[in-house]
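These are my notebook entries from one sitting with a model. I went through charged pairs, rings and surface, and wrote down what I looked up.

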Amino acid sequence: MEDVFQQLESGKGGLSFDQAKQRLKQYGPNEIRLEKKISPLKILVAQFKSFLILVLLAAALISFAISFFPGYEENLVNAVLIFIIVVANGIFGFFQEYKAEESLEALKKMSPNKATVLRNGQKQVVDAVKLVPGDIIFLEAGEKVPADSRVFQVRNLHIDESLLTGESVPISKHLGKLEQDTMLAERLNMVFKNSVVTSGTGLAIVTNTGLTTEVGKIAERLQGAEQKITPFQVELDVLGKKIGFLVLIVVVLVALNQMFFLQMEGNTFERLVVVFLTAVSLAVAAIPEGLAAVVTWSLGLGTRRMAKKNALVRKLASVEGLGGVDVICTDKTATLTENRMTVTKMFFNSKEVDVSGTGYDLDGDFLLGKIKIPSTEFELMLKAGALCNDASISFDENNKQVFVGDPTEVAFIVSARKAGLNENRLNRSMPRIDEIPFSSERKNMVTLHSTGGQGQTVFMKGAPETVLEHCSTILLNGKEKRLTKNHKKLLLEQNELFASQALRVLGFAYKKSKTGFKKDSLETELVFLGLQAMIDPPRKEVKQSIAECNDAGIRVVMVTGDNIITAKAIAAELGLGADALDGNAVHKFSDGQLRAAVEKTAVFARVSPNAKLRILKALQANGHTVAMTGDGVNDAPALQAADVGVSMGLRGTDVAREASDIILLDDNFSTIVLAVREGRTIFDNIRKFVNYLMTCNIAEVLVLFFLSIGGWLALAPAQLLWINLLTDGPPALALGIDPSNPDIMKRKPKKKGEGVINKRLLYLIGGVGGMKTLLLIGLFFTGLQFGNFILAQTMLFTGFILFEFVRIAVIRYQENLGLFENKWLVYAVGISLFLQLLLLYTPLGAFFSLVSFGTPGFSEMEIFFWGTLAVGVFVCWLGAIAITKMVVEATPTTN
């Protein structure tokens, strides 16, 4: 240990004040500067980076510029309408993501604020950020370790390092030397920043602070990582670019036709303006500006539903991404399990007894087979567990029970409480007067208690083989009998049996005297009482959740830092599978070997952060969409690299939360299943309105394209925006509220890379869109023959809106949904029809250059107008139904 002090130029009296100041300048503050909080401005700007949105903004700006030229003032309306739609969508998305970031900030309670140190030989409390290498720190139960440190004095010191290593049982620390390349989980002479002291006390010298700590190294790697893009964001971006490319080709063809083949009036500038207006019209027609709004709306609704079920979504697009995962890599401790050690079995009088109840539930029964038995026969062993114990149960300011101390010792208090034995009353009737603390060398703890006028009682607990060495007799059927070799053999065999079931086993012994004991005789001639065996049990609801994942075609893989025996036992209980590998095997595998292994392995144990990343990347390389759940610092790199990262809100570290996309506020793995269901529902609804929007938009583009070849600018940009506002607006938004299909969790996830627009949807968009194009062009020419261009334009304008509502009805027919099952959709269609009639029967129509019918009546033009449209609607319905049936029959196996 002296060489450590020399290396750090310190001593057991600590640093001087001047040394501490100088080192603070040299090493910097002891803090982890996580990725800077995303500013509101950055979140807002991010809403406008979509390719589709940028095209629309460009069209709005150019229209605005043209409106300043004489005779082109009406283009201001086009610009304003485009701008309003784009900005409204951006603001909606901004509020969704900004609220999520605010919620995340409220969860940040990671680093300890104060630390107790020795400086100038004096004990002082300082801000933890001011710790420097060479400082001597005090370690006490219940406190977080403020910096990575080497211990040099310990007294029953146990540290909970599960957030860093995944080990569910607190680690006993000792002073021995270790090899340079010792695994993190086995560095027993070190304590690490943000781990928790569960019991005992100690002194340690700080070796690393800030970003040089183990926690800091992981945080630094995350800061350098690029922000990942979710699968759905990639898909929307690709879709936008394809549409943009299509628009560009069509615009070039139309521009060439209008500039060189049509006889257009006016000078070159006026002709260029007409060409531009046609191009803007085509862009507005082709680009489903409502798609971004509807996607944001649908994802936003999903996030609100998930928030009510304790899942905070940091990035909207991750909800849909989670719906597409086919592998969930999950940590064990506190994610699949309670993170609360629970006594589940006991052995005494040659009997094995089961103990019911999980976690810190104080109610439970003792079962011999299936028969409840009283606790009187083994009450003395339960008393030993409660009294030879430093844990306690208390109440906080909200009168909520708080369990303080080492989880192993808490488990013994809970098992005693199930028998009606209250540790506080026991300690009052049998106060502790002396003790020999637990140490990793001795492997036992001894306490001496006064029994009033009846003398003294000694209790011992520890490793069974160690406790047996101190015993000469055994309690059988209420009588003390000589402890024979056969007794020891039976007890050790039972110990091995429990251990093979991943149970942690402790033995108990006692002795009493009316005259009292000398200190050197406390550990001799003890009476063996029995064994208590415990485990960190699975959460009650997790097994059902994993079964639901299996039904949904999602494989759950345990990736933990815990030992392989415990991991396999928990996996077997949850139905995960028996194939398991430890971290050493993963380390030795080549990338190719690991890719083969991940396809059949259900459990990875003793896994380092680097091994977790390799496992994740191997799964992704095999074509899987992977979600990673976890709460610890050791989970953060994998959370960052996963397709969807899911962290824990209650117990999770800030590092893990910052790396994740979704935070489970109740730390419950089962919330994942709800999130998957929500993701799949959102994907289904997005596919519905993409079907709806793209069918309508393809018809708009084709109609404008073919009519522009003949020299007609059939619809102005403002008219097209109105059509899209009524059809892409409320009705499309209402489609996002459709409920889940009952069998949504009974089907396999969509294949990686499969987009919203699959083969079936492509055929439907092309077939129905083409049919609508022919009907709408027919309407236009019918209007021209009866009246004039304005009447033809008005018929085309209204026909687009009515035909799109026909498309909604056909989609619901295709999905086996009733027309009135979604009341919001009915309201939306009704409102849109009312607004369209408002244009046709009020002076507002003049703003869009439409025929105004004035007061409703039965004029010849009016009868012709509505009669022709009614025939068109009927033919459109029949044609769409026929095409849908043919396409569904031709593509029977589509996701």
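Entry 1. Is Arg119 buried or exposed? I looked it up in this predicted model. Arg119 has a relative accessible area of 8%, and because the limit for buried is under 20%, Arg119 counts as buried. I then looked for its charged partner. Arg119 forms a salt bridge with Asp135, and the closest N and O atoms are 2.6 Å apart. Arg119 belongs to strand S1 (residues 114-119), while Asp135 lies in the loop between strand S2 (122-127) and strand S3 (136-140), so the salt bridge ties together parts that are 16 residues apart in sequence. Asp135 has 0% relative accessibility and is therefore buried as well.

Entry 2. How many salt bridges does the count come to? I get 24 salt bridges. I noted a few of them individually. Arg23 and Glu9 meet through their side chains at 4.0 Å, N to O. This pair links distant parts of the chain, with Arg23 in helix H2 (residues 17-27) and Glu9 in the loop between helix H1 (2-7) and H2, 14 residues apart. I checked how covered each partner is. Arg23 is buried at 9% relative accessibility, whereas Glu9 is exposed at 57%.

Entry 3. I next took the salt bridge between Lys372 and Asp365, whose closest N and O atoms are 3.6 Å apart. Lys372 has a relative accessible area of 59% and is exposed. Asp365, at 31% relative accessibility, counts as partly exposed. I also wanted to know which residues are joined by shared salt-bridge partners into one network. I wrote down Arg155, Asp390, Arg432 and Glu435.

Entry 4. I moved on to the aromatic rings. The search of the whole structure finds 12 aromatic pairs. Phe780 and Phe781 form one that is edge-to-face, with 5.6 Å centre to centre and 75 degrees between the planes. Phe780 is buried at 0% relative accessibility, but Phe781 is partly exposed at 35%. Phe780 also pairs with Phe789, again edge-to-face, at 6.0 Å centre to centre and with 80 degrees between the planes. I have Phe789 as partly exposed, at 30% relative accessibility. Elsewhere I noted a cluster in which ring pairs link Phe348, Phe366 and Phe378.

Entry 5. Over which ring does the charged end of Lys123 sit? I found the ring of Phe138, with the charged end of Lys123 4.5 Å from its centre.

Entry 6. I looked for nonpolar surface. One nonpolar patch of about 560 Å² is made by Tyr813, Val871, Phe874, Val875, Trp877 and Leu878. Which helix gives the most to the patch? I have helix H30 (residues 860-890), with 5 residues. Tyr813 is found in helix H28 (residues 789-814). I checked the cover of Tyr813, which is partly exposed at 38% relative accessibility. The cut-off for patch residues is over 30% relative accessible area, so Tyr813, at 38%, is past that limit.

Entry 7. How many residues of helix H13 (residues 407-417) are buried? I count the helix as mostly covered, with 11 of its 11 residues buried. Among them are charged residues, Glu409 and Arg417. The buried residues of H13 also include Pro407, Thr408, Phe412, Ile413 and Ser415. I then looked at the N-terminal end of H13, which Asp406 caps. A side-chain oxygen of Asp406 lies 2.7 Å from the backbone nitrogen of Thr408.

Entry 8. I finished with Thr773, which is found in helix H27 (residues 759-786). Thr773 has a relative accessible area of 4%; the limit for buried is under 20%, so Thr773 counts as buried. I also looked up its distance to Glu700. The two residues are 73 apart along the chain, and their C-alpha atoms are separated by 7.4 Å.

Definitions and conventions: Residues numbered from 1 in each chain as written. Predicted model: local features only at pLDDT ≥ 70, side-chain atom pairs only at ≥ 80, totals over all residues. Heavy atoms only, no water. Helix = DSSP H or I, 4+ residues; strand = E, 2+ residues; numbered from the N terminus. Buried < 20%, exposed > 50% of the residue type's maximum accessible area, 1.4 Å probe, protein only. Patch = residues over 30% accessible without salt bridge, like charges linked within 9 Å, V, L, I, M, F, W, Y side chains within 5 Å. Areas by Shrake-Rupley, 256 points an atom, 1.4 Å probe, with all protein chains shown as cover. Phe/Tyr/Trp six-rings, centres within 6.5 Å; stacked < 30°, edge-to-face > 60°. Lys NZ or Arg CZ within 6 Å of the ring centre and 35° of its normal. Polar contact = N/O pair within 3.5 Å; in protein donor to acceptor, adjacent residues only side chain to side chain.
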